[in-house]
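Me: Please take a close look at one part of this model for me, the place where the ligand sits, and then follow the chain outward from there. I would like a connected account that I can read beside the structure.

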Amino acid sequence: MKAVVLGSGGWGTALSQVLCDNGHETTLWSHDPAKAEQVAKTRENPLLKGVRLPDALRVTGDLACLAGADLVVCASPSFAVRETGRKMAPYLTERTVLVSVSKGIERDTNLRMSQVLTQATGGVCRVAALSGPSHAEEVGIRLPTGCVSACQDRETARFVQDAFMNDYFRIYTSDDIVGVELCGAMKNVVALSCGICDGLGFQDNTKALLMTRSMAELTALGEHLGGTRRTFGGLAGMGDLIVTCTSMHSRNRRAGILIGKGMTAREAMEEVGAVVEGYYAAESIHQLAEKEGVEMPICRCAYEVLYQGRDIRSVTPELMGRAKKDELLETTWL
Ligand SMILES: NC(=O)c1ccc[n+]([C@@H]2O[C@H](COP(=O)([O-])OP(=O)(O)OC[C@H]3O[C@@H](n4cnc5c(N)ncnc54)[C@H](O)[C@@H]3O)[C@@H](O)[C@H]2O)c1
């Protein structure tokens, strides 16, 4: 099969290696031609240090590589997904399968990434999402990893499963693309909050409390927006939450740690030096929760700290002092 991965960040690069390992004729495209040339020549991407790219992988800055592709993977950062969708549109046909692997919610529209791609490409082809607990750094060195291929059309989800699955990359299918995409976008806010928690000097108990109760909030909102509750307990939900909230690979968590130590959100993002998608997702989640009338105290506090300059030290007493609750009777997720 002919596969093209659009986006030569760490994740696009790691996924293009997976597709190459699986024997597909694979091209990695970068929006920056100079970068494409450099990666093609050195066979290494500075965004995925230490991984020597397979000889069979083509790297280019020329979109003509999309002609005749059976599988197109969009691995742009979420702010650039619409722009990338518009660029790829002329090359897609009704037999192309497009896979979104970006984790975010579009600012202003609050759309999921597969919805953005469908709009930007004029709905010409089927769109799936691939998501789960997967650091590019670990997939890049072929450590056992699991993800979910989601599409309302199960046959398309299976097509993507077949394309990616191998002995180190295990893929499950799901028809709940709404839930899978929402999990991927929303967990970044929890990772930021867990980072703040670390930065404030709290330890394991607090983080477990924060992760579990955040998951209850995300599930409640996700169900309101059409996701399936069980997805939130699966790989794209709890799985991704665990990997993002406990690892230093997560730039969202790293930014949170800096905020917890006293930096402003802007200063922390500058220091991390890469797009902190949880910062933007916090605003979208806040707007969606308000619109849907879903109570999300942890995500609301994160929004107030990130966008309204609220003093983080005032958050813990508020959250710990909330009205008494019954865990099973008053929690959607459990
Ligand atoms: N890194 C991971 O482990 C991982 C895992 C799963 C999902 N994701 C998701 O994949 C997406 C990409 O993340 P990443 O970690 O590969 O990013 P990255 O930070 O490693 O790289 C970002 C890439 O985007 C490119 N870029 C910048 N502006 C652009 C534009 N206007 N148009 C197109 N490309 C542009 C940059 O050149 C760079 O190659 C994100 O949505 C992320 O949430 C990442």
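Reply: A residue is called buried here when its relative accessible area is under 20%, exposed when that value is over 50%, and partly exposed in between. The model is a predicted one, and every value below should be read with that in mind. Lysine 103 is a good place to begin, because its relative accessibility of 16% makes it count as buried.

Lysine 103 belongs to the loop between S5 and H4, and it is listed among the closest of the 22 residues that surround the ligand, together with Gly10, Trp11, Ala136 and Glu277. The side chain of lysine 103 also has partners within the protein: it reaches the backbone oxygen of glycine 132 at 3.1 Å, and a polar contact of 2.8 Å joins it to the side chain of aspartate 240.

Turning to the ligand itself, the space that it takes is the largest pocket. The shell of residues around the ligand is mixed in character, with eight nonpolar, nine polar and five charged members. Three polar approaches to oxygen atoms of the ligand can be followed one by one. At glycine 10 the approach comes from the backbone, where an N or O atom lies 2.8 Å from a ligand oxygen. At lysine 35 it comes from the side chain, with an N or O atom 3.1 Å from an oxygen atom of the ligand. At glutamate 277 a polar side-chain atom lies 2.5 Å from a ligand oxygen. As for cover, the ligand taken alone exposes 830 Å², and the protein buries 82% of that area.

The loop that holds lysine 103 deserves a second look for its backbone. Asparagine 110 lies in the loop between strand S5, residues 97-100, and helix H4, residues 113-120, and although asparagine 110 is not a glycine, its phi is positive, at about 60 degrees. Most residues other than glycine have a negative phi. Asparagine 110 counts as buried, because its relative accessibility is 18% and the cut-off for that class is under 20%.

A comparable backbone angle appears at arginine 142, whose phi is near 60 degrees, again a positive value in a residue other than glycine. Arginine 142 is placed in the loop between helix H5, residues 136-140, and strand S7, residues 145-150. With 38% relative accessibility, arginine 142 counts as partly exposed, whereas asparagine 110 counts as buried at 18%.

Three further positions give a sense of distances across the model. Glycine 227, in the loop between helix H8 (204-224) and helix H9 (235-245), is buried, with a relative accessible area of 11%. Its C-alpha atom is separated by 37 Å from that of aspartate 62, and the two residues are 165 residues apart along the chain. Leucine 182 has its place in helix H7, which covers residues 177-199, and is buried, with a relative accessible area of 4%. Between the C-alpha atoms of leucine 182 and alanine 323, which are 141 residues apart along the chain, the separation is 28 Å. Glutamine 38, found in helix H2 (residues 33-42), is partly exposed, with a relative accessible area of 39%. The C-alpha atom of glutamine 38 is separated by 9.7 Å from that of threonine 60, a residue 22 residues apart from it along the chain.

How values were computed: Residues numbered from 1 in each chain as written. Predicted model: local features only at pLDDT ≥ 70, side-chain atom pairs only at ≥ 80, totals over all residues. Heavy atoms only, no water. Near = heavy atom within 4 Å. Polar contact = N/O pair within 3.5 Å; in protein donor to acceptor, adjacent residues only side chain to side chain. Areas by Shrake-Rupley, 256 points an atom, 1.4 Å probe, with all protein chains shown as cover. 1 Å grid on protein atoms, 1.4 Å probe; cavity = no way out; pocket = protein on both sides within 12 Å on 5 of 7 lines; lining within 4 Å. Sits in = over half its atoms within 2 Å of the grid points. Nonpolar A, V, L, I, M, F, W, Y, C, P; charged D, E, K, R; others polar. Helix = DSSP H or I, 4+ residues; strand = E, 2+ residues; numbered from the N terminus. Buried < 20%, exposed > 50% of the residue type's maximum accessible area, 1.4 Å probe, protein only.
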